[in-house]
Amino acid sequence: MLSEQRIRAILFYLSVLIFFIGLPFILSFALGYKFDPRSLKFTKTGIIVLKTQPQGASVYLNGKLLNEKTPLTVNELLPGTYNIKIDLEDYYSWLADIDVERGKVARFEKIMLFPLRANVKQLNKERLSTFWADTDEKVIYYINQDDSAIYTSDFEGERYRRLANLMPIAPPAIKFKLSENKEKLLYFNKHQVAISGLGNHLKEKTPEETPFILNYPEDAIIEAFWHSDNYHLIIVTNRRIEVVEARPQAEPVEIAVLNKKNPSIFYDTNTDTLYFTDFQKAADGNFYNNLYKLEINSKSSILRDIIKIKPAEQRQLQDKD
Amino acid sequence: MSQKKKRILEIIPGALSWGSIITLIMLSILMPITAAIIIIVFDFYWIIRTLYLTTLLLMAHRKLSRQKNKDWLADCQNLGKDWSNIHHLIIFPVYKEGLDILRPSIEAIKKCHYPKDKIILVLAFEERNKNSQQNAAVMEAEFKNEFFGQISTFHPDGIPGETRTKGANATWAAKKAYAFLATKGVKYENVVVSCFDADTCVEKEYFGCLTYHFLTTSNPHQASYQPIPVYNNNIWYAPSFARLVEISSSFCQMIESMRLEKFVTFSSHSMSFKTLVDIGYWPVNMISDDSVVYWKAFLYYKGNYRVVPLYITVSMDVAYSSNIFKTVMMQYKQKRRWAWGVENFPFLISGFLQDREISLLTKIRRGYHLLESHVTWAIWAIVLTLIAPFPILFGGRIFTEMSIGYNLPKITGLLLNFTFGASLIWIILSRFTLPKRPADVKWIKNVVMVVEWAIVPFIILILGSTPALDAQTRLLLGKYMEFIPTEKSRKL
């Protein structure tokens, strides 16, 4: 019977043998070499990596079906061009000629397979003028201007319900904007801005929820925004920029006069800052198009004059008194 | 040997470890393909090594199981040799350990299946510990007349040439014991000395086993006798982290017990008292007294000295504390102290340089083994866990577009899975080495003790290599460590 130390010696030398025999194969695999038993030579190869969405697609390499399905790595490919076809039932095939280089990886990891029949599903259950999606709340808002109503549902069209009635304006509104607290809707056409509360349409409206319309018969409204306080509106017309409280008979305050009729506008709701372009006369007497930044927050001196205390806050103050 | 040569030898292990790590990091940035090849080679080497060592562990475990509960005393009696004159000198160096730690260790000796009139107990206290006199008096009263002799020694602080180490205390005690034996007419060549940590509880057959091996080993004075250290005293109560570390330590010792040509004494062990006296006792200024004493004997006997494995366990305490952070720190410091065994390298090489009789081959082989084991200890976990992804992280797009860049994580992942597969064997074996579950420990702890192995990768990351690298760096910089005993307490 073999002694323990003899067995250990055998195990040791066996381990050494495995190490030195296995190492060339592991390293050659790692470096992309393929051993050709006929020529007894190592040839440097390349790799194709295929990942599809959805997974589980069949792969044809130069017309030959491979055993594995995607995601798939095809190792030990001799340098050259390979025709790849990816098939998945009920999906369009994906076809490509892929160049494989020595010791390199050809990665195709973002292959998207498109279904033969697009998975289209109707979400609205009423007539529809326009819609927008709120990804934060995961809801879709539907506007039906024919019956002046706003509907809502989840992203699958479930829980579809009438949210509120809208005050009709004519011609129909071109844009709709929710206040940041999702309680009020602003919409406008060329000469009218309408505000509607989004509370339960069956309930009696509070004064703040009562819909109203601001008219701009002289100006053409280009854009309108909610201030982050959910109470002020920033309205940009072809002649001026105004801030107005979202209440009936509110007096707008003009904060800028525009020379350009169609300015480019961006409103940053995080900082309540308006960026706009306008022509201004330079020292050389010529007009140049410039980009301006206008802060409309409580820190800016303009707004301190413009922003009035909200009715709700007024009531709170009165209560305190 | 000149101070300059000594410093060079001290620098070598740390320089090699840091050199390997820095080289691999630099290669990962500058030559990622070369770095990747080195990492794959190292990974493959590691898996082969793990499988090989796990096989040795299985063999050692089998041997341990077969010799469990063996009546060694009967074997001694059947040898036909006169063993009646063999005495056992047992030294317990004690510093801060309380009586709650020391008492069970002495009780274990008292319960041993061996004539007590052949046992001399030495409780080696440190004079600087204010409780030592009181503790000695209590122990002397409790175990009076239990053994052939029992003495308490008090090692004075600040003896010139000494540092505050366990070896200095044990040496003081051994010298006192030498005088004691002379007064009792016991010849020192018939004495086997065992130097045990204060928490070491021997199995009842330990001294029978030791005597048997002492009687049957050729040139018994030219051998140390190393039992398998297990940490079973409080293992059921220790937190997972500490328990796994100590189980792994025990397994490493079991593996080492199969590699006789590399086997070095560790922790509690036994040897001929004659040899201990002849070599000038334990080192009094080195922390790793348990292994240095082996090298001293190795040099003294010109390479004809070996460690005989005893397949019997001595049980010690798992080092742990009141919270996980303290436990990790405690374990870290203990492992760093073990890794300070790297101080053996300059000691051994300087001994080799002064020697003219040991063969060059033996010097190269033993020197290489010692250096390789410490350097591997300091780098393996860092290479496998931290540096392995570096070529991909720093290699850039060109590297990841190459076959090796794509294959590197796959190959290293596959190879490491093999290693974790081997750890399954460790999990199973750990169940067999456990003592019986105490009545106050819930049944569910059995499940915990299996599931807890999932934290092994984190343990490897924290305690795999860093304590060893820390110790080597201190030696490299000449910032010598002081002996910090692991605090032990049975109940926390």
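Q: Which residues of α2(B) do Leu24(B), Leu27(B) and Ser28(B) in α1(B) meet?
A: In this predicted model, the contact joins two helices of chain B, α1 (residues 3-30) and α2 (residues 32-66). Its residues divide into five nonpolar, two polar and no charged. On the side of α2(B), the residues met are Pro32(B), Thr34(B), Ala35(B) and Ile38(B).

Q: Why are α1(B) and α2(B) described as oblique to each other?
A: Two packed helices are described by the angle between their axes and the distance between the axes. Here the axes are 6 Å apart. An angle over 145 degrees would count as roughly antiparallel and one of 65 to 115 as roughly perpendicular. The two helices fall in neither class and are therefore oblique, with an angle of about 135 degrees.

Q: Which element gives the largest share of the largest nonpolar core?
A: This core has 152 residues, and Ile91(B), Val122(B), Ala124(B) and Val193(B) touch the most other members. Among the residues that Ala124(B) touches are Ile91(B), Phe92(B) and Trp172(B). The largest share of the core is 15 residues, and the element that gives it is α2(B).

Q: Which element gives the most residues to the side of chain B that touches chain A?
A: The contact takes 20 residues from chain B and 21 residues from chain A. On the side of chain B, 16 residues are nonpolar, three polar and one charged. The elements that give two or more residues to this side are α2 and α16 (403-433) of chain B. The most, 10 residues, come from α2(B).

Notes. Residues numbered from 1 in each chain as written. Chains lettered and ligands numbered in written order. Predicted model: local features only at pLDDT ≥ 70, side-chain atom pairs only at ≥ 80, totals over all residues. Axes fitted to C-alpha atoms, helices over the stretch in contact; angles between N-to-C directions. Helix = DSSP H or I, 4+ residues; strand = E, 2+ residues; numbered from the N terminus. Parallel < 35°, antiparallel > 145°, perpendicular 65-115°, else oblique. Contact = placed C-beta atoms within 7 Å. Nonpolar A, V, L, I, M, F, W, Y, C, P; charged D, E, K, R; others polar. Core = buried A, V, L, I, M, F, W, Y, C linked by C-beta atoms within 7 Å. Buried ≥ 20, exposed ≤ 12 C-beta atoms within 10 Å, placed from the backbone. Lists of a residue's contacts leave out its neighbours within four places in sequence.
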